[in-house]
Amino acid sequence: MLHFRFSTVLKELFEATLKRPLSGSRQTTWLPTRHCCFGASSVDARSVSTQLKVLHAASRRPALRAAPLAAPFRSYCAKTEGAVELDEQLKKHGATGEAASDKRRNPGILPSLEDLLFYTVAEGQEKIPAHKFLTALKATGLRSGDPRLKECMDTLKETLKNTADGVTLDRHLFKKCVQSNIVLLTQAFRKKFVIPDFQSFTSHIDELYENAKNLSEGQVADYIPQLAKFNPNLWAVSLCTVDGQRHTVGDTKVPFCLQSCVKPLKYAVAVNDYSTEYVHSFIGKEPSGLRFNKLFLNDDDKPHNPMVNAGAIVCTSLIKQGASNAEKFDYVMNFLKKMAGNEYVGFSNATFQSERESGDRNFAIGYYLKEKKCFPEGTDMTSVLDFYFQLCSIEVTCESASVMAATLANGGICPITGERVLTPEAVRNTLSLMHSCGMYDFSGQFAFHVGLPAKSGVSGGILLVVPNVMGIMCWAPPLDKLGNSVRGIQFCTDLVELFNFHNYDNLRHFAKKHDPRREGGDQRLHNFGPMDYESLQQELALKAPLWKKVSPTESHQDSSTTVVYRMDKVAE
């Protein structure tokens, strides 16, 4: 008889669908929904044993019922008849969703994701200080200023104002704060991001930064007078993963001009607005093998690629044709701000004036292009050059530029806003040309040794993309004889010597390098992909060994035992 009751409940547990209606005003889903399916073979002996213990209490209760989709509050794995009656009473009396979920949880088996998150952070305490939650959040790589967490952080601030001490939160207040972003937070604390062990990874990044900091070679560019004023000791590295994990070290808040680092970005804008075929009817795709500012075209009288000056000038002429320079500039600035997740993107008028006054070589290239009819019909060459100088004078910080690079790494979707900025076609083409032509005359060696798409600029920046993983911006003004940042090149080289980020590193058999995409460095993390509340809670329900028992509580109503679990801690 007991076996029959276990079988019935087990069957219904596996067939029951968890539903959690997402209110548009409280829950924001940043990623598309994906449902996880689980078979009996995916549950090992430990998880079966744990589930049966929990189901022992549930077996004395009536069968499960599925909650209606239109229910205005959350439903759980199992409900008793008493819970059904309580639902009706709560509906009748207009109880809040928070109170309803708490009261209905008592007879059930599983806690909510909000409960599990609280138990994880609280570590057995009844209340948690807000700073403890924020510190644990930072350890995952997420920032409290992340746009995706705005509602959570705003609620946290307002809630703390109304608490007695202004510091601690009990379970109910904590749940109120996190419920609007619970899926993102649960993924973060359960190490579901692309870099699971983020603290360990960033400690290596800091070491690489310190190694490169000791280099004193190179000269600050002086052919543009405004660039010559930068302190040669400035050195910064920022990274942003495709999941929005952030890390910065050094002088990351100092603004500097993009210079040639803007070339792949405006090429991406042109392809995004038109098409690959149209853009490359004016510009080639091959490395030139020559200096970036040479007056030289290919056999078809086209610039070799968009990463040299001639190609970048023609590419500039393709953006917003027919509009005024003011309209064109605002258009590109808005694009770049979206790529940077609305972080700092500015403009240095002093650099622009300096560029224009010392731009004889670029004017020569412009007239040569005009002679060879390289521009679209009706193009005003001098106006295009003004726009070209303006785009080179756009300012960023290492932090904002790393988000731009991460948008390229993420297929055109900004990681910290979830907004699609560029088409996949534009991103793919941009990364291809950055890989083959992005590092001036050092492009071949960089592709050989580093094996990643990158673009350097004479201001000292290197925009580096690790596709599907992260974007990085390195910045140090001293340049080598080829125009690349000395410290930046060293950092990128050391990065791929330590981690298997090179495009041609074998991820299965190359054991000499670390793979930060593996949890703990040894076992590859199973990538569940984007998850919603329902699929995430299903996974938690069927992966019992991933939980830890907090405390059993005796229920005197039916002499059964309710067991509460929490997620594993972020770090020991």
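Is D505 buried or exposed? In this predicted model, D505 has a relative accessibility of 10%, so the residue counts as buried. Its place is in the loop between helix 21 (486-498) and strand 13 (518-519). The side chain of D505 takes part in a polar contact of 2.9 Å with the side chain of K513. A second neighbour comes from another stretch of the chain: the C-alpha atom of D505 is separated by 8.9 Å from that of G451, although the two residues are 54 residues apart along the chain.

From this loop, the description can move to a strand. Strand 4 spans residues 236-241 and is mostly covered, with 6 of its 6 residues buried. In a regular strand the side chains alternate between the two faces of the sheet. For strand 4, the residues on one side are A236, S238 and C240, those on the other are V237, L239 and T241, and both of these faces are covered.

What does strand 4 pair with in the antiparallel sense over 5 bridges? The partner is strand 5, where T248 is the bridge partner of S238. The hairpin made by strand 4 and strand 5 has 4 residues between the strands, and in it G244 adopts a positive phi near 90 degrees. Strand 4 is also joined to strand 11 (residues 470-475) by 6 bridges, and these two strands run antiparallel as well. Here T241 has M470 of strand 11 as its bridge partner.

Strand 5 also leads into the charged pairs of the model. R246, in strand 5 (residues 246-250), forms a salt bridge with E343, and the closest N and O atoms are 2.9 Å apart. E343 lies in the loop between helix 14 (325-339) and strand 7 (345-347), so the salt bridge ties together parts of the chain that are 97 residues apart in sequence. The two ends of this pair can be told apart by their accessibility. R246 is buried, because its relative accessible area is 9%, while E343 has a relative accessibility of 24% and so counts as partly exposed.

How many salt bridges does the structure hold? The count comes to 13, and one of them brings together the side chains of D115 and R171, with an N to O distance of 2.7 Å. This pair links distant parts of the chain, since D115 belongs to helix 5 (residues 113-122) and R171 to helix 8 (residues 171-178), 56 residues apart. D115 has a relative accessibility of 1% and therefore counts as buried. R171, at 23%, counts as partly exposed. The pair is also part of a wider arrangement, a network of salt bridges that links D115, R171 and K175.

Another of these contacts is the salt bridge between the side chains of R143 and E399, at 3.3 Å from N to O. Again the pair links distant parts of the chain: R143 is in the loop between helix 6 (130-140) and helix 7 (150-161), E399 is in helix 18 (residues 398-409), and their positions lie 256 residues apart in the numbering. R143 is partly exposed, with a relative accessible area of 28%, whereas E399 counts as buried at 9% relative accessibility.

Helix 6, just mentioned, deserves a look of its own. Which residues of helix 6 are buried? They are A130, F133, A136, L137, A139 and T140. An α-helix has 3.6 residues a turn, so residues three or four places apart point the same way. The buried residues of helix 6 pack against several elements, namely helix 5, strand 1 (127-129), helix 7, helix 8, helix 9 (182-189) and helix 10 (198-213). After helix 6 comes G141, which has a positive phi near 105 degrees.

Finally, the cysteines can be considered. How many disulfides does the structure hold? The number is 0. C392, for example, is in no disulfide, and the nearest cysteine sulfur, belonging to C257, is 9.0 Å away. C392 is a buried residue, because its relative accessible area is 3%. C437 is buried too, with a relative accessible area of 6%.

Note on methods: Residues are numbered from 1 along each chain as its sequence is written. This is a predicted model: local features need pLDDT of at least 70, side-chain atom pairs count only at pLDDT 80 or more; totals for chains, interfaces and linings use all residues. Side-chain values use heavy atoms; hydrogens and water are left out. A salt bridge is a side-chain nitrogen of Lys or Arg within 4 Å of a carboxyl oxygen of Asp or Glu. Buried means under 20% relative accessible area, exposed over 50%, partly exposed in between (1.4 Å probe, protein chains only). Contact means heavy atoms within 4.5 Å. A disulfide is a pair of cysteine sulfur atoms within 2.5 Å. A polar contact is a pair of N or O atoms within 3.5 Å; within protein, one must be able to donate a hydrogen and the other to accept it, and residues adjacent in sequence count only if both atoms are side-chain atoms. Two strands pair if DSSP finds at least two bridges between them.
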